[in-house]
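Me: I should like to go through this structure with a set of questions on charges, contacts and backbone geometry. Please reason briefly and finish each reply on the value or name requested.

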Amino acid sequence: MKQLLLLITVLCSYFISAQSVIEITYLDVHPTQIGKFVELHKKVTDMSQSDERTIKGQWVYRHWYGSGASIAIYDQYDSAEDAVKDDFTGAFQKNYEKLSDEAKKEMDEAFTQWWAFFDGHWDEMRFIDYENFFVSKEDVDWDIPFVFVVGNYNTSGSIGEMATAYLDWQTRPMVKDGLQLGGGASVHYKGAGSDVQLFGGFKNMMDFAKAITTPQENPNVEARKKFWSSVSGSHEDQIYVHVGHLENGSFNLAGKDN
């Protein structure tokens, strides 16, 4: 209970003001079935869109390297309350009733296959303050299969200070002068997840490899020390690739021709 109260206090101090929430769903999809899942996900997601829903965005990634889930779905909301109120089922059913009998049969089959991929899934909810804990280059075209790198860390100290130290050490310099398109940090709220999740986007794998192997000209040594001194226990890193996102009321596959 003491740790929970400490976490809530930190959240209120650093993240709640922005009222930005990410609900992440992790799926264990066999690599050979990822293409099929994405195809079905687009059909079901498009069928579930309406102006009444509270979801503000969704980004879907497929696993490329590491030991994490093969699919990660990031749903974005303005608040935790909106995340709870979001009525995916109601919107889906409303649009479904407008279909012809033949189209309903096709959608029934698609939904059944899609939902089967969620067997054994797990999820978590995280807070993020985009104003203070996110950095991006100007005019980034995110409609590409960009590389999405995620690091999960726990801390025995201040979550906000840990995130700030990492952004000052790695994210801000790499976005300003390097190959990183953008990046930031989110903090755990509920579900099975780490205290801090650090993330960054790169145009492609070559840019990512070059970015992490090129020494910084003027490294922020103090921020680096502060970050690592805040880390508690082991951490894990994952590399994903963006496969699609919500745009103008439909699921848009990554890439201009999709």
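The questions and replies below concern a predicted model.

Me: How many salt bridges does the model contain?
Reply: A salt bridge here requires a side-chain nitrogen of Lys or Arg within 4 Å of a carboxyl oxygen of Asp or Glu. By this rule, the count of salt bridges is nine.

Me: Which residue pairs with E39 in a salt bridge at 3.9 Å, N to O?
Reply: The partner lies with E39 in helix α2 (residues 34-47), four residues apart, about one turn of the helix. Its relative accessible area of 41% makes it partly exposed, and E39, at 40%, is also classed as partly exposed. The residue that meets E39 in this salt bridge is K43.

Me: Which residue is linked with E39 and K43 in a network of salt bridges?
Reply: E39 is found in helix α2, and its side chain meets that of K43 in a salt bridge. The network of salt bridges links these two residues with K36.

Me: What distance separates the C-alpha atoms of E39 and L253?
Reply: E39 belongs to helix α2. Along the chain, E39 and L253 are 214 residues apart. In space, their C-alpha atoms are separated by 9.3 Å.

Me: Is K104, the salt-bridge partner of E97, buried or exposed?
Reply: The side chains of E97 and K104 meet in a salt bridge at 3.5 Å, N to O. E97 is partly exposed, with 46% relative accessibility. Buried means under 20% relative accessible area. K104 has a relative accessible area of 17%, so the class of K104 is buried.

Me: What is the distance between the closest N and O atoms in the salt bridge of E124 with R126?
Reply: E124 is buried, and R126 is buried as well. These residues form a salt bridge, in which the closest N and O atoms are apart by 2.7 Å.

Me: Which side chain of opposite charge is nearest to D129?
Reply: D129 is placed in the loop between β4 (122-127) and β5 (134-136). D129 is buried yet has no salt bridge. The nearest side chain of opposite charge is 9.5 Å away and belongs to R172.

Me: Which side chain makes a polar contact with the side chain of D129?
Reply: A polar atom of the D129 side chain lies 3.0 Å from the backbone nitrogen of E131. The side chain of D129 also makes a polar contact at 2.8 Å with another side chain, that of N132.

Me: What is the relative accessible area of E106, a member of the negative surface patch?
Reply: The negative surface patch is formed by D101, E102, E106 and E109. E106 has its place in helix α5 (residues 101-116). Exposed means over 50% relative accessible area. E106 counts as exposed because its relative accessible area is 53%.

Me: How far apart in space are K176 and S136, C-alpha to C-alpha?
Reply: K176 lies in helix α6 (residues 159-177) and is exposed, with 67% relative accessibility. K176 and S136 are 40 residues apart in sequence. Their separation in space, C-alpha to C-alpha, is 8.3 Å.

Me: Which residue is 74 residues from V231 in sequence and 8.2 Å from V231 in space, C-alpha to C-alpha?
Reply: V231 is found in the loop between α8 (221-230) and β9 (236-247). With 18% relative accessibility, V231 is counted as buried. The residue at that separation is G157.

Me: What is the phi of D139?
Reply: Most residues other than glycine have a negative phi. D139 lies in the loop between β5 and β6 (147-153) and is exposed, at 78% relative accessibility. Although D139 is not a glycine, its phi is positive, at about 55°.

Me: Where is N248, a residue other than glycine with a positive phi, found?
Reply: Phi of N248 is near 55°. N248 is exposed, with a relative accessible area of 78%. Its place is in the loop between β9 and β10 (250-253).

Notes:
Residues numbered from 1 in each chain as written. Predicted model: local features only at pLDDT ≥ 70, side-chain atom pairs only at ≥ 80, totals over all residues. Heavy atoms only, no water. Patch = residues over 30% accessible without salt bridge, like charges linked within 9 Å, V, L, I, M, F, W, Y side chains within 5 Å. Areas by Shrake-Rupley, 256 points an atom, 1.4 Å probe, with all protein chains shown as cover. Lys, Arg positive; Asp, Glu negative; His and termini not counted. Charge placed at Lys NZ, Arg CZ, Asp CG, Glu CD. Helix = DSSP H or I, 4+ residues; strand = E, 2+ residues; numbered from the N terminus. Buried < 20%, exposed > 50% of the residue type's maximum accessible area, 1.4 Å probe, protein only. Polar contact = N/O pair within 3.5 Å; in protein donor to acceptor, adjacent residues only side chain to side chain.
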